[in-house]
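Here's a short set of exercises to work through with the model open in your viewer. Try each task before you read its solution.

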Amino acid sequence: MDAADDEVVLEVPFLARVYKSGRVERFLGNDVLPAGLDPATGVASKDVIVDPATSLTLRLYLPDLAGSSSERKLPVLVYYHGGGFVVETAFSPTYHNYLNSLVAAAGVVAVSVDYRRAPEHPLPAAFDDSWAALRWVMSRAAEEAWLSERGDLGRVFLAGDSAGANIVHQMAVRAADEGLGGGAAIRGLVLIHPFFWGAEPLESEGRDPKARKWVEQIWAFVRPGTAGLDDPWINPLAEGAPSLARIPCSRVLVTVAEKDMLRARGQAYYAALKRSGWEGEARLLETEGEQHVFHLLRPNSDKALAKLQAVAAFLTSD
């Protein structure tokens, strides 16, 4: 092995390291599962390449519709996976299994976005891919039978966890600025344990210097040359960030976990949305005694199953 492939030039603990040769080693989220029929839920999935130039690929999910009218239209869920913009994919066992379960529970057509990741593709690559995916769903659904025959583009929801929840917010802001076209509409947002931060700790936020340094490392890793942690791409409440009053949907669900270091940021986002003048309905769901993305780490636990049902109910209740 070349010596350059042994020399580490950059590392974010628990996520990834970069070698002098340019090789990137990710510490988790590297396994993948193929699309297909999930025997446990009856959910079918398939992959669609949206942009060969960027390798932007979507994994589509369709619930078991046996006995259902051919005229029945389902809400459309666009899902953005987490992983700090660095690890995991739409095809990892974590997200493939979660989407199978959520699609079965909610009875929705889902589109899971496999966006480009840092450090090979720093932000805004993930945001640009996520926007391209959303625009494809909204404007070119006729090219995909599962969406054209079963999807209701008047009931589109955006959801994601951690970094994916950050993407949900960024997509809503961009939709407010640029529009979606084609008569499609975002009905609601689901931000699960959102990855937001800021230069100064919130009153209710932990002040552990090691934890804060780790977030700073992640942000510098995914957004080189950043002006800091009050960049609106990580702090939606920073001075100069787009107004939450312009979020273009009628319903928002924010979920947090009691022992998650990001909990206070999710709570602050919810509170800011409520007082912003936004005219929709906002809900905050907190799970006691749990850590960040516990529902993905222990999907069969009672609290994870309860959370799954809560998200499913949000997607299907009008």
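**Exercise 1: the enclosed space**

The largest cavity holds about 40 Å³. Keep in mind that you're working with a predicted model. Your task: find which residues line this largest cavity, and sort them by class.

*Solution.* Start with the count: one cavity of 30 Å³ or more turns up. Next, list the wall: Phe196, Trp197, Leu202, Asn235, Pro236, Leu237, Arg265, Ala268 and Tyr269 line the largest cavity. Finally, sort that lining: seven residues are nonpolar, one is polar and one is charged. Asn counts as polar and Arg as charged, so Asn235 and Arg265 fill those two slots in the lining.

**Exercise 2: the open space**

Work out how much space the largest pocket has, and which residues sit closest to its centre.

*Solution.* Volume comes first: the largest pocket offers about 620 Å³. Its lining is made up of 27 residues, and Leu28, Gly83, Ser162, His292 and Val293 are the closest to the centre. Now check which elements contribute: helix H1 (93-106), helix H5 (209-222) and helix H7 (294-297) each give two or more residues to the lining. Last, the classes: the pocket lining has 16 nonpolar, seven polar and four charged residues.

**Exercise 3: two helices in contact**

Describe how helix H2 (residues 125-139) packs against helix H4 (residues 163-178).

*Solution.* Two numbers do most of the job here, since a packed helix pair is described by the angle between the axes and the distance between them. For H2 and H4, the angle is about 60 degrees and the axes are 10 Å apart. Then add the hand: the crossing of H2 past H4 is right-handed. Now go to the residues. From H2, the contact takes in Phe127, Asp128, Ser130, Trp131 and Leu134. From H4, they're met by Asn166, Ile167, Gln170, Met171, Arg174, Ala175 and Glu178. Sorted by class, this contact has six nonpolar, three polar and three charged residues.

**Exercise 4: a ring pair**

Decide whether the pair of phenylalanine 85 and phenylalanine 195 is stacked, edge-to-face or tilted.

*Solution.* Check the distance: the ring centres are 6.2 Å apart, and the cut-off is within 6.5 Å, so the rings pair. Then the planes: they make 45 degrees. Stacked needs under 30 degrees and edge-to-face needs over 60, so this pair is tilted. Where do the two partners lie? Phenylalanine 85 is in the loop between strand S6 (74-80) and H1, while phenylalanine 195 is in the loop between strand S9 (186-192) and H5, 110 residues apart along the chain. In total, there are eight aromatic pairs.

**Exercise 5: backbone oddities**

Locate two cis peptide bonds, at proline 119 and proline 124, plus a positive phi at phenylalanine 14.

*Solution.* Step one: alanine 118 to proline 119 is cis, with omega about 10 degrees. Step two: leucine 123 to proline 124 is cis too, with omega near 20 degrees. Proline 119 sits in the loop between strand S7 (109-114) and H2, and proline 124 is also placed between S7 and H2. Step three: phenylalanine 14 has phi near 75 degrees, and lies in the loop between strand S1 (8-12) and strand S2 (16-19).

Note on methods. Residues numbered from 1 in each chain as written. Predicted model: local features only at pLDDT ≥ 70, side-chain atom pairs only at ≥ 80, totals over all residues. Heavy atoms only, no water. 1 Å grid on protein atoms, 1.4 Å probe; cavity = no way out; pocket = protein on both sides within 12 Å on 5 of 7 lines; lining within 4 Å. Points joined across faces, edges and corners; volume = space filled by probe spheres on them. Helix = DSSP H or I, 4+ residues; strand = E, 2+ residues; numbered from the N terminus. Axes fitted to C-alpha atoms, helices over the stretch in contact; angles between N-to-C directions. Left-handed = near helix turned anticlockwise from the far one by under 90°. Contact = heavy atoms within 4.5 Å. Phe/Tyr/Trp six-rings, centres within 6.5 Å; stacked < 30°, edge-to-face > 60°.
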